Amino acid sequence: MSQSVGEITHRLVSSPGGRIHLAELGTGPLVLLVHGFPESWYSWRHQLPVLAAAGYRAVAVDVRGYGRSSKPVATDAYRMLNLVEDNVSVVHGLGEESAVVIGHDWGAPIAATSTLLRPDVFRAVGLLSVPYTPRGGPRPSDVFARMGGDEEFYVSYFQETGRAEAEIEPDVRGWLAGFFAALSADTMSAHGAPTPQFVSREGTLRDRFPAGRLPAWLSERDLDVYAGEFERTGLTGALNRYRNMDRDWEDLAAFDGAPITQPSLFIGGSRDVSTTWLADAIKAYPVTLPGLVSSHILDGCGHWIQQERPAEVNRILTEWLAALPV
């Protein structure tokens, strides 16, 4: 079923951490869209009108710390439990009792954990780019510290407040352009080049970004939208998500190894390291996602999957949503 759609509506909804900004389009069953780093609600610009036309109330949020949402000062205000509460607050603040939640990049584990902790609210989950990995194993910071060898894994690099900000904030637009290009299929460095997910000693992430052109999916105007938000807000709120991974590991101890049983979907890109590095997590889906409806790897696609391949992702999402039990 398709229907005509109007203009995107922006509003603020109260949450425990302040207020969450959202962009909304359409009427029908609620579909909550959660972005990743370093993005905003705008990452779902290609999905909002298509989902609305298919008969859904499509809502894309600015995650806490991003865009026009509140930005608490305390680092531990960005732990996963708080972001789950934000998602629940959005659903209830919109007058709904339940939703399908779909996340990309950091939005994928936020969506997955929301579904795991609040099955009364989230009836199905879609994961883009980052596979579901249940809580478990050693403390995350210990794992990341061992990954770099003579170099430093980017998650470890992000841990110290102010360090990554000092690299990014003097030239937000230029840094974002390079970061988006580094993980896009059409602009990423050639196979065998130093990986942009690691930092050389005394170096910066930007040292390994490709330069010279934007990915095909990212226009100058799109880049202006992203850069304008972070130039206004700074990067600390966004980076604080990485600075809570050990807290999340402690907070979620009771859910060690827990599967997500609601209907689920995964879409990844064949040229995305999130997909290749976590290939074992995808193989474990029969155990970890027993409600998996379908899993897709888009050939030749990078990390920014719903922006690199909007038509293909939209088709997969609408077909999956249409097949879900009401």
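Colleague: Before anything else, what are the helices here, in DSSP terms?

Modeller: Helices are DSSP runs of H or I with at least four residues, numbered from the N terminus. The model itself is predicted.

Colleague: Fine. Where does Leu278 lie?

Modeller: Leu278 sits in a loop, with α11 (273-277) on one side and α12 (279-283) on the other.

Colleague: Which residues make the nonpolar surface patch with Leu278?

Modeller: Met147 and Trp277 join Leu278 there, and the patch covers about 270 Å².

Colleague: Why does Leu278 count as partly exposed?

Modeller: Because its relative accessibility is 30%, and partly exposed is the class between buried, under 20%, and exposed, over 50%.

Colleague: On to pockets. What volume has the largest pocket?

Modeller: About 1300 Å³. Its lining counts 45 residues, and Leu278 turns up again among those closest to the centre, along with Val130, Thr133, Phe144 and Met245.

Colleague: Which helix gives the most to that lining?

Modeller: α3, with five residues. Several helices supply at least two residues each, including α4 (140-147), α7 (172-182), α10 (245-251) and α11.

Colleague: And how many residues of each class does the lining have?

Modeller: The lining of the largest pocket has 33 nonpolar residues, seven polar and five charged.

Colleague: How much space lies in the second largest pocket?

Modeller: About 340 Å³. There are 18 lining residues, and Met188, Ser189, Pro196, Arg271 and Val273 are the closest to the centre. By class, eight of the lining residues are nonpolar, eight polar and two charged.

Colleague: Closed space next. How many cavities of 30 Å³ or more does the structure hold?

Modeller: Two. The largest cavity has about 70 Å³ of space. Of its 13 lining residues, Val63, Tyr66, Leu83, Ile110 and Arg241 lie nearest the centre.

Colleague: What volume has the second largest cavity, then?

Modeller: About 50 Å³. Val63 and Leu83 are among its lining residues, as are Ile20, Asp62, Arg64 and Asp86. Helix α2 (residues 80-93) gives the most to this lining, with four residues. The class split is six nonpolar, one polar and three charged.

Colleague: Different topic. How many salt bridges does a search of the whole structure find?

Modeller: The search gives 20. One of them pairs Arg57 with Glu24, where the closest N and O atoms are 2.5 Å apart. Arg57 is in strand β4 (residues 57-61) and Glu24 in strand β2 (residues 18-25), 33 residues apart.

Colleague: Is that pair, Arg57 and Glu24, buried or exposed?

Modeller: Both residues are buried. What about Glu165 and Arg243? They also form a salt bridge, at 3.0 Å between the closest N and O atoms. Glu165 belongs to helix α6 (residues 163-168) and Arg243 to the loop between α9 (236-239) and α10, so the bridge ties together parts 78 residues apart in sequence. Glu165 and Arg243 are both buried.

Colleague: And where do Glu319 and Arg315 lie?

Modeller: Both are in helix α15 (residues 310-323), four residues apart, about one turn of the helix. Their side chains meet in a salt bridge, 3.5 Å from N to O. Glu319 is partly exposed at 49% relative accessible area, and Arg315 is partly exposed at 41%.

Colleague: Last one: which residues do salt bridges with shared partners join into one network?

Modeller: Arg11, Glu24, Arg57 and Glu96.

Key:
Residues are numbered from 1 along each chain as its sequence is written. This is a predicted model: local features need pLDDT of at least 70, side-chain atom pairs count only at pLDDT 80 or more; totals for chains, interfaces and linings use all residues. Side-chain values use heavy atoms; hydrogens and water are left out. Patches are made of residues with over 30% relative accessible area and no salt bridge: like charges are joined within 9 Å, nonpolar side chains (Val, Leu, Ile, Met, Phe, Trp, Tyr) within 5 Å. Accessible areas come from the Shrake-Rupley method with a 1.4 Å probe; for residues, only the protein chains shown count as cover. A salt bridge is a side-chain nitrogen of Lys or Arg within 4 Å of a carboxyl oxygen of Asp or Glu. Buried means under 20% relative accessible area, exposed over 50%, partly exposed in between (1.4 Å probe, protein chains only). On a 1 Å grid over the protein atoms alone, a cavity is a set of points where a 1.4 Å probe fits but cannot get out, and a pocket is an open set with protein on both sides within 12 Å along at least five of seven lines; lining residues have an atom within 4 Å of a point. Grid points are joined across faces, edges and corners, and a volume is the space filled by probe spheres set on the points. Ala, Val, Leu, Ile, Met, Phe, Trp, Tyr, Cys and Pro count as nonpolar, Asp, Glu, Lys and Arg as charged, and the others, Gly among them, as polar.
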